[in-house]
Amino acid sequence: EVNPFKLYCHSAKQIMEISTEDMDMQDARMEEDDLEEDAIEEDDDDDEDDSPAVLTGRCVRLHFRCQAQLPMGSFLRVTGSSLWAPGTSVADPADASVSVGRAEASAFPVLHDESEATSDHAMPHQSLYSSSVEMVTTPEEYPVWRTRTPVVVVIPHSRKSVYHHYYRYLVVSPGGHLTNLDPSAITEEEAVDDMDQDMIISTSQEGLGSTAVLEWEDPFQTLAHKNPPTSALSLASASIAQGTTKTDYRNLPYRTVAINIRSALSPSGSDQLDVYGSSEDSTFQQYLIREAIHQENRRKKMVNQMSISDVMSTDEPAAVGSGELLGGDSNVVMMSKEGITGTETPKSTSLYRPQTIFFVCFHLPVVVVQNPTTKEWRASWSESILAKTEGSTVLAQYDAYWVGTVSTNPPLQNEEEKEKVRTILGEMKCIPIFLDQKVREAHYYGFCKQVLWPAFHNIDLLDLSTCGWLPEPDGACDWDQSRLDNWWDSYRLVNQEFCKVMAELSDENDIMWIHDYHLSLLAEYLTTYEMENYGKRTTRKVFFLHIPFPTSQIFRELDCGQIILQGMLHADVVGFHAFDHARHFLNAAKRILGLNYESLVGGLIGVNFQGQTVLVSMSNVSIEPRLVDATLMLPSVHSNEADLKKKHQGRSILGSLDIGQRLSGVSLKLLAYERLLHDYPLWKSKVVMVQRLLRPGSRVKDEEVTTREVRFLVQRIQEKFGPEVIDYQELNGSTIPLDQRLALWKATDILACTPIREGLNHWPMEYIYAHKEPERPGVVITSEFSAISSILNGALRVNPYDIKMMITIFDKALSMDMQEREGRRYRDIEFVSSSPSENWVKNVLRDLRDAAIHRRNNPNSSESNSQSQTPTPGAMTPLRKEEPVDSTSAFLAREANLSFAPLNIRALKKAYDSSQRRVIITDFNGTIV
């Protein structure tokens, strides 16, 4: 009896030669076999459950041999279980950065262009990235190279008799440094990071880290027009030289080996010796046949495009979406964005117009100040994760704009000053919205900060009404929400004003990325406008919440809760920073609106709302390492660090930087510190708490109460144990400059961040990065009620309400040895240093793309509104066989897609029912890998 969970392994010691006859027959029968398989699958549905289980795959290990005469110091490698093509990875292989380093952009070309991801040849959202395998030789065997370890190939379940494995050879040189990648040859879709100008094209080498790729095998000189031969080695290869792009590497020739699925052996059974750079090798025969087919398909496609271009040149161009071409030789005048205009000259008869994306936020991520002497206004980007980052590969692919209100120093006095600010922000592609001052204050300082902020942080309405933070009731009941009507009216008015601006700016297929709770109604207002004026949704929308989402019990207490929830659900994607926040949102949608959610392909979750599937996603973002590295080099950082250490010389520093509001939990932290000094008197002369309290002025009453309480506790601690045990200061503003923060982080041995409720706080990540090697590792203490606690694996977690637990954790952190400190730093430093906002933007845009594909493939998804619905395999990345494939990369992507084997539910159920001891392993987005 066949066990469906057994992985059959066969070792093929001899390399297998391709069978040309089998290949031709296989290609000729492809369509027929697919039809037969469809019929077989339909018949299988009628079979009884006790039918024999079907084998789902085999694992074949292949050894390769190749004759190659290489220069001294060079080595040969062969690619692994898959080749690189559009769709083989949904983004840059950041998950493979440990193996291949930072230069995968050219040597390991992967998908950067969203338009390619949505093509019909895109892969399911799983990484098929595979590093290359080392080949070795001996003085006796040279110039014959052989694989040290086998290439492991998993053959998917198939009723065909032959499986084709595709591979390439590459020449590497350990420690090689290549600087001749031509930036001008990199297209807008293939833009690389500015930091990679001095690029090391690398591949993994077991135990040695990055290895420079000198060249890829190219016997047919597919890159000859861009890479003229300069040496004997490059005559039959594609070296990393000027003019080459990632698309070129995707389309390099490949070799093929045929594997008999039944026996896991070559049909010919002969020993194969490849010759590096030889176009006569039989393993290139399938590539040559396929390339002839691709050439014919390209000819047909060109004829079709020429006919389309003729039609477009005679008509008036309409709104152009992503990836469309503008015909004609005339200059193209870009759309005006509140005075932001420009004229671009096409480089040829057609011009690629990038898709427009709007980052819509209440506060623009800029700092605008006026020179007191010259009265000139100046603007710069702030530290926000929404700010533009130089060298961003994402922004190189989009026409990006930022829309929001702006706060200036000093405040704007007249229309002339507003126009000046609008002009300087226009140079940064920022579009300011100027609101009536009373409406702005009622919206932000009223409804947002006094109602939504505490409610979203799980503060009960009864507690909110009796804490003294809301306006006086004027004789009305404490919890009568009608006294908030003015604030609510202003909240809606601001969202409507944003809607008017965005309706004027946007074109069809633009992306609207709406940020945070200030604009939770904007997605609904925009959708309503589009339906009334165009009869359909014309833009794609993302709503991302940067603060916690409350439990459904708290959220339903708000009079406006249902309206806000519906407003958020009008977006295509609703994003959160923590899983708990997403879970609370799903529960609120079900209990308040009666909406179910379903699991989609790729581990995604969708909520069915008004006939549309709204994707609910969770993604994290870290700090900007480049910005922090540059700031760490400033003299002010080192001088402030030295001053603080000198001030508290001989004591371990327990550092804290908190907002002076009740939710920050500062009072609970001081109570725990007081008990620590009482219960552990040995720390009295060995530790000092450096507490900095910020007063932003956004919740005045709350800040007054909290600050008064903190001052009382600080004074009591100093009277009991001496003034030297606490260094306390109050500062105005919501933050302090980055150089001052980094100086504080570097001087402190322990960072205590213990809020009662909190969204994503980047300060603990800054602390970890500031203590990276060779610095002495620090210790982070986080609250289990904060989003950061679910991200940092090396942090010590505490419950701020449990004073005894806090004391124990403080003592553990102060007593921690160096080995444990280093181990905890090691757990987090990789994520902290390699997850900037650019990666986060890519992830969210990928989710938006998935939502669009799911909506296209499931137009009637609302009819099956079930949480237990089984998704259709491959639904997120459909494959239309009737569309001609016109390139090597597209063919390889299609082959990888066809080899994807969905789970056999019937076999799984039978094995589960017949077994007594079961091991269940769950996986999310490659965590096991």
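This briefing describes selected sheets, helix contacts and side-chain features of the structure above. The model is predicted. It contains an open sheet of nine strands with mixed pairing and an open sheet of three strands, also with mixed pairing. A search of the whole structure finds 31 salt bridges.

**Nine-stranded sheet**

- The strand order in this open sheet is S24-S22-S19-S25-S26-S27-S30-S29-S28.
- Strand S24 (430-432) and strand S28 (597-600) stand at the edges; each has a single partner strand, so one side of each is left without a neighbour in the sheet.
- On average, neighbouring strands of this sheet are turned by 25 degrees against each other, direction ignored.
- The edge strand S24 pairs with strand S22 (residues 398-405) in the parallel sense, over three bridges. Within this pairing, Val403 stands opposite Ile431 in S24.
- Helix H9 (residues 437-456) packs on the sheet and touches strand S19 (355-363) as well as S22. The direction of H9 makes about 85 degrees with that of S19.

**Three-stranded sheet**

- The order of strands in this open sheet is S21-S20-S23.
- Because strand S21 (377-381) and strand S23 (408-409) each have a single partner strand, one side of each is left without a neighbour in the sheet.
- Strand S20 (residues 366-370) pairs with S21 in the antiparallel sense, over five bridges. Val369 has Arg378 in S21 as its bridge partner.
- Helix H8 (residues 415-426) packs on this sheet through contacts with S20 and S21. The direction of H8 makes about 40 degrees with that of S21.

**Helix pair H20 and H21**

- Helix H20 (residues 738-747) and helix H21 (residues 763-770) have axes that come within 9 Å and cross at roughly 65 degrees.
- The crossing of H20 and H21 is right-handed.
- From H20, the contact is made by Leu738, Arg741, Leu742, Trp745 and Lys746. From H21, Trp763, Glu766, Tyr767 and Ala770 take part.

**Salt bridge Asp629-Lys772**

- Asp629 and Lys772 form a salt bridge in which the closest N and O atoms are 2.9 Å apart.
- This pair links distant parts of the chain, the two residues being 143 residues apart. Asp629 belongs to helix H16 (residues 625-632), whereas Lys772 lies in the loop between H21 and strand S35 (779-783).

**Surface patch**

- Leu903, Ile905 and Leu908 form a nonpolar patch on the surface, and together they have about 280 Å² of accessible area.
- Ile905, one of the patch residues, lies in helix H26 (residues 905-914).

Methods
Residues are numbered from 1 along each chain as its sequence is written. This is a predicted model: local features need pLDDT of at least 70, side-chain atom pairs count only at pLDDT 80 or more; totals for chains, interfaces and linings use all residues. Side-chain values use heavy atoms; hydrogens and water are left out. Patches are made of residues with over 30% relative accessible area and no salt bridge: like charges are joined within 9 Å, nonpolar side chains (Val, Leu, Ile, Met, Phe, Trp, Tyr) within 5 Å. Accessible areas come from the Shrake-Rupley method with a 1.4 Å probe; for residues, only the protein chains shown count as cover. A salt bridge is a side-chain nitrogen of Lys or Arg within 4 Å of a carboxyl oxygen of Asp or Glu. Helices (H or I, at least four residues) and strands (E, at least two) are DSSP runs, numbered from the N terminus. Two strands pair if DSSP finds at least two bridges between them. Contact means heavy atoms within 4.5 Å. Axes are lines fitted to C-alpha atoms, for helices over the stretch in contact, and angles run from 0 to 180 degrees between N-to-C directions. A crossing is left-handed if the near helix is turned anticlockwise from the far one by less than a right angle, and right-handed if clockwise.
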